[in-house]
Amino acid sequence: MVDLKEKNWKNFTDQHLYDWYGIWTRYTPTGGIQESFRSLRHFEGNADKTEIYQLNQYIYAEDDVKEQRWNFNERENSLFDGMFHPQAEFMRGYFFPSGHSIWATTQLKSETYFAMELFFRDQSLRHSVGIVYDDQGNLFRTANIREDSTAYPSSYWSTDLEQLSQRNLEKNWTGTSITITSDLEISEPISTQFRWDREGHQVFYLPDGVSISCPEKVTVGTSFDCVVNWLINDNEMHQLISSYDATGKFQSLTFEKYGLKQ
């Protein structure tokens, strides 16, 4: 029988134990630039990858570098309902073998901030999108972290920060979909249809093909999805969908991979 906790942990350690050099940009709820700075997220493990050390550096200027450090291990942090990060006990990590993943608040509660970070992975490239709601359930900010494990500056990512007014995603996409649930079950791939427009969502078009579609407000009593995608090139797009039920409980993360239909 497959140990789902062990599989989830292995998907993380196989795909993310690198030095990730990046540009970290935070945006206001209306898409304005709040702040931007360079970043380094360094991960290393012991020989059997049961112990993980993480160092985050936030590089605001040459003489202004902030750091955060964490240690975690498989025995204590690999749980039946996802991977527990020492920074936030109310969040869990869910990881696909491809490296696509999420750190998600597992339960929306009133008068409490609510957040998620969704990760894409493609060879030496990684990027994540953060979505944060305030204690009244209103969208508080979004963030985009464009990373490269080879060096800074990246030969792929630009240094552009301004959001775009539009992006044409309505192409003849054909794709496959897999889902990981809150109890770590990963489905078999199925065919899927690209869907972008969602009622009650705000849409943001970030640099380098990154797009966000998320509710303006989240409340207990209404199910909701947060959707992000990455147009890797003109012929390939990846999409992640984080789903919550009407009680505000995290249900699943879906990874959709699209190409243009010939």
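A residue counts as buried when its relative accessible area is under 20%, as exposed when that area is over 50%, and as partly exposed in between. The exercises below apply this definition, among others, to a predicted model.

**Exercise 1. Decide whether Phe95 is buried or exposed, and describe its surroundings.**

Step 1. Begin with the place of the residue in the chain: Phe95 is found in strand E7, which covers residues 88–95.

Step 2. Compare its accessibility with the cut-off: the relative accessible area of Phe95 is 2%, and a value under 20% means buried, so Phe95 is buried.

Step 3. List what surrounds the residue, leaving aside neighbours within four places in sequence: Phe95 is in contact with Asn8, Asn11, Phe12, His16, Met83, His100, Ser101, Trp103, Ile180 and Ile186.

Step 4. Add a distance through space: Phe95 and Phe119 are 24 residues apart along the chain, and their C-alpha atoms are separated by 9.2 Å.

**Exercise 2. Phe12 is one of the contacts of Phe95; find which element holds Phe12 and which residues it touches.**

Step 1. Phe12 belongs to helix H1, which runs over residues 4–16.

Step 2. With a relative accessibility of 3%, Phe12 also falls in the buried class.

Step 3. Once neighbours within four places in sequence are set aside, the contacts of Phe12 are Leu17, Phe43, Ile52, Phe72, Met83 and Phe95. Met83 appears here and in the list for Phe95 as well.

Step 4. A further distance links Phe12 with Gly93: the two residues are 81 apart in sequence, while their C-alpha atoms lie 8.8 Å apart in space.

**Exercise 3. Classify Ser78 and Glu51 as buried, partly exposed or exposed, and give the contacts of each.**

Step 1. Ser78 is found in strand E5, made of residues 78–79, and its relative accessibility of 7% places it among the buried residues.

Step 2. Not counting residues up to four places away in sequence, Ser78 touches Lys5, Glu6, Trp9 and Asn73. Of these, Glu6 is 72 residues from Ser78 along the chain, yet the C-alpha atoms of the two are separated by 7.2 Å.

Step 3. Glu51 is found in strand E3, and at 40% relative accessibility Glu51 counts as partly exposed.

Step 4. Apart from residues up to four places away in sequence, Glu51 touches Glu44, Gly45, Asn46, Phe72 and Asn73. Asn73 is thus a contact of Glu51 and is also touched by Ser78.

Step 5. The C-alpha atoms of Glu51 and Asn77, which are 26 residues apart along the chain, are separated by 9.8 Å.

**Exercise 4. Examine the backbone at Lys49, Leu184 and Pro153, and say where each residue lies.**

Step 1. Lys49 is not a glycine, but its phi is positive, near 60°. This residue lies in the loop between strand E2 (33–45) and strand E3 (51–61), and Lys49 is partly exposed, with a relative accessible area of 34%.

Step 2. Leu184 likewise has a positive phi, of about 80°, although it is not a glycine. Its place is in the loop between E12 and strand E13 (190–192), where Leu184 is buried, with a relative accessible area of 3%.

Step 3. For Pro153 the feature is a peptide bond: the one from Tyr152 to Pro153 is cis, with omega near 0°. Pro153 sits in the loop between strand E11 (139–148) and strand E12 (173–181).

**Exercise 5. Describe the chain as a whole, and then the two regions annotated in UniProt.**

Step 1. Count the elements: the chain has two helices and 18 strands. Its radius of gyration is 18 Å, close to the 18 Å that the globule rule gives for 262 residues, so the chain is as compact as a globular protein of that length.

Step 2. Turn to burial and contacts: buried residues make up 52% of the 262 residues, and among contacts between residues at least 6 apart in sequence, 50% join residues at least 24 apart.

Step 3. Consider the charges: the mean positions of the 24 positive and 38 negative charges are 1 Å apart.

Step 4. An unreviewed UniProt entry places "domain: DUF3598" at residues 6–150, a stretch that is 10% helix and 62% strand, with its end C-alpha atoms 28 Å apart.

Step 5. UniProt, again in an unreviewed entry, gives "domain: Biogenesis factor required for ATP synthase 1-like C-terminal" at residues 194–255. Over these residues the chain is 0% helix and 58% strand, and the end C-alpha atoms are 12 Å apart.

Definitions and conventions
Residues are numbered from 1 along each chain as its sequence is written. This is a predicted model: local features need pLDDT of at least 70, side-chain atom pairs count only at pLDDT 80 or more; totals for chains, interfaces and linings use all residues. Side-chain values use heavy atoms; hydrogens and water are left out. Helices (H or I, at least four residues) and strands (E, at least two) are DSSP runs, numbered from the N terminus. The radius of gyration is taken over C-alpha atoms; the globule rule is 2.2 Å times the number of residues to the power 0.38. Buried means under 20% relative accessible area, exposed over 50%, partly exposed in between (1.4 Å probe, protein chains only). Contact means heavy atoms within 4.5 Å. Lys and Arg count as positive and Asp and Glu as negative; His and the chain ends are not counted. The place of a charge is taken as NZ of Lys, CZ of Arg, CG of Asp or CD of Glu. UniProt positions are given in the numbering used here, feature names are shortened, and annotations may be inferred rather than shown by experiment.
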